[in-house]
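Morning, everyone. I have one structure to take you through today. Let me put it on the screen.

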Amino acid sequence: MDLRNPFSMVDNMMMGMRSRMDDMHRNFENLSTDSNTHSFSSSSISTYSKVGNEPPKVFQAHSQTRRAPGGVCETQRTLKDSESGLEKMSMGHHIQDRGHVVEKKRNHKTGEREFNQDFQNMDESEAQDFDNEWQKEVSKFQPVAPLAQLEGSKPRNRTVHRAAIAAPDDAR
C-alpha cells in the first residue's frame with residue numbers, strides 16, 4: 001500500500017469488497033446446482049401502458065423454482081400478454097435429470113388452446129410412476145401435521161408433559 005496516495009487504502013478496501021462479492025455470487029451459482037440444499041427462486045415482471053382511448057396493454061410474466069435435497073425440483077412459469085391475447089402456464093416436476101413438464105396455452109383473441117407434456121429422460125409410459133416418486137420425495141419435506149393443528153385453531157385434549165429430570169424434593 002502506498003502511504004503517499006490517500007486513495008490507496010480506499011482502493012484496496014474496494015478491491016477486497018469486490019472480491020468478496022464475486023465469491024458470494026459464485027457460491028449462489030453453486031447453491032442452485034447442489035442437490036443437497038433447499039432453495040427458492042422467484043422472478044416477476046409486469047408492464048402496463050395505455051394510450052388515448054385504446055384498451056390498456058398489460059404484460060405479466062412470473063417464474064418460480066423450488067429445490068430440495070436429492071435433486072427434487074418444481075418449476076412454475078406463467079405469462080399473460082393482453083396485446084397478443086396469449087396466456088401460458090407451465091408446471092414442471094424434476095428429480096435429478098428426469099422431468100415431467102405440463103404446459104397450457106390459450107389465446108383469447110383467436111380462441112386457440114394448446115396442451116403439451118414434455119418428458120425429460122423418460123418415456124410417456126413412465127409418467128405415472130415418476131409422478132408418484134416425485135410426490136413421495138416431496139412429502140419428506142412437508143410438515144406432518146396440517147397447518148390448522150400447528151396454529152392450534154381447534155381445541156384438543158392436551159397431555160401434561162413431566163420434566164425428564166425431576167426437581168429436588170424440597171422444591172416441590
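Before the layout, one term. Helices here are DSSP runs of H or I with at least four residues, strands are E runs of at least two, and both are numbered from the N terminus. With that in hand, read the chain from its N terminus: α-β-β-β-β-β-β-α-α. That gives three helices and six strands. Please keep in mind that this is a predicted model.

Some overall figures. The chain has 172 residues, and 16% of them count as buried. It exposes about 13,900 Å². Carbon and sulfur atoms supply 53% of that area. Now take the contacts with a separation of 6 or more. Residues 24 or more positions apart account for 28% of them.

Let's start at the front. Helix α1 covers residues 8–33, and M13 lies in it. M13 counts as exposed, because its relative accessibility is 51% and the cut-off for exposed is over 50%. M13 also belongs to a nonpolar patch on the surface, together with M14, M17 and M21. Those four residues have about 380 Å² of accessible area together.

On to the strands. Strand β1, residues 39–49, runs antiparallel to strand β2, residues 57–68. How many bridges join them? The count is 11. For a landmark, find S41, which stands opposite T65 in β2.

β2 has another partner. It pairs with strand β3, residues 72–81, again in the antiparallel sense, over 10 bridges. The landmark here is Q60, opposite K80 in β3.

Look at the turn in that hairpin. Three residues sit between β2 and β3, and G70 takes a positive phi near 90 degrees. G71 is in this loop as well. Is G71 buried or exposed? It counts as buried, because its relative accessibility is 16% and buried means under 20%. Who is close to it in space? The C-alpha atom of Q96 is 4.5 Å from that of G71, with their positions 25 residues apart along the chain.

Stay with β3 for a moment. T75 lies in this strand. At 13% relative accessibility, T75 counts as buried too. What does it touch, leaving out residues up to four places away in sequence? The list is Q64, T65, S90, M91, G92 and H94. You have met T65 already, as the residue opposite S41.

Next, the later hairpin. Strand β5, residues 98–107, and strand β6, residues 113–120, pair in the antiparallel sense over eight bridges. H100 stands opposite F119 in β6. This hairpin has five residues between the strands, and G111 takes a positive phi near 80 degrees.

F119 takes us inside. It is part of the largest nonpolar core, which has nine residues in all. The full set is A68, V72, I95, F119, M122, A127, F130, W134 and V138. Which element gives the largest share? That is helix α2, residues 127–139, with four residues of this core.

Last topic: charges. Side chains of opposite charge can pair when their charged atoms come close. The count for this model is six salt bridges. I'll show you three.

First on my list, R98 with E133. Their closest N and O atoms are 2.9 Å apart. This pair links distant parts of the chain, with R98 in strand β5, E133 in helix α2, and their positions 35 residues apart. R98 counts as partly exposed, at 25% relative accessibility. E133 is partly exposed as well, at 30%.

Then K105 and E103. Their side chains meet at 4.0 Å, N to O. K105 is partly exposed at 26%, and E103 counts as partly exposed at 21%.

Then K140 and E137. The closest N and O atoms are 3.2 Å apart. Now check the two ends. K140 is exposed, with a relative accessible area of 53%. E137 counts as buried, because its relative accessibility is 18% and the line for buried is drawn at under 20%.

So, to recap. A nonpolar patch of M13, M14, M17 and M21 is on the surface. β2 pairs with β1 over 11 bridges and with β3 over 10. Helix α2 gives four residues to the largest nonpolar core, and its E133 forms a salt bridge with R98. That's my tour. Thanks, everyone.

Methods
Residues numbered from 1 in each chain as written. Predicted model: local features only at pLDDT ≥ 70, side-chain atom pairs only at ≥ 80, totals over all residues. Heavy atoms only, no water. Pairing = 2+ DSSP bridges. Patch = residues over 30% accessible without salt bridge, like charges linked within 9 Å, V, L, I, M, F, W, Y side chains within 5 Å. Areas by Shrake-Rupley, 256 points an atom, 1.4 Å probe, with all protein chains shown as cover. Buried < 20%, exposed > 50% of the residue type's maximum accessible area, 1.4 Å probe, protein only. Core = buried A, V, L, I, M, F, W, Y, C linked by side-chain atoms within 4.5 Å. Contact = heavy atoms within 4.5 Å.
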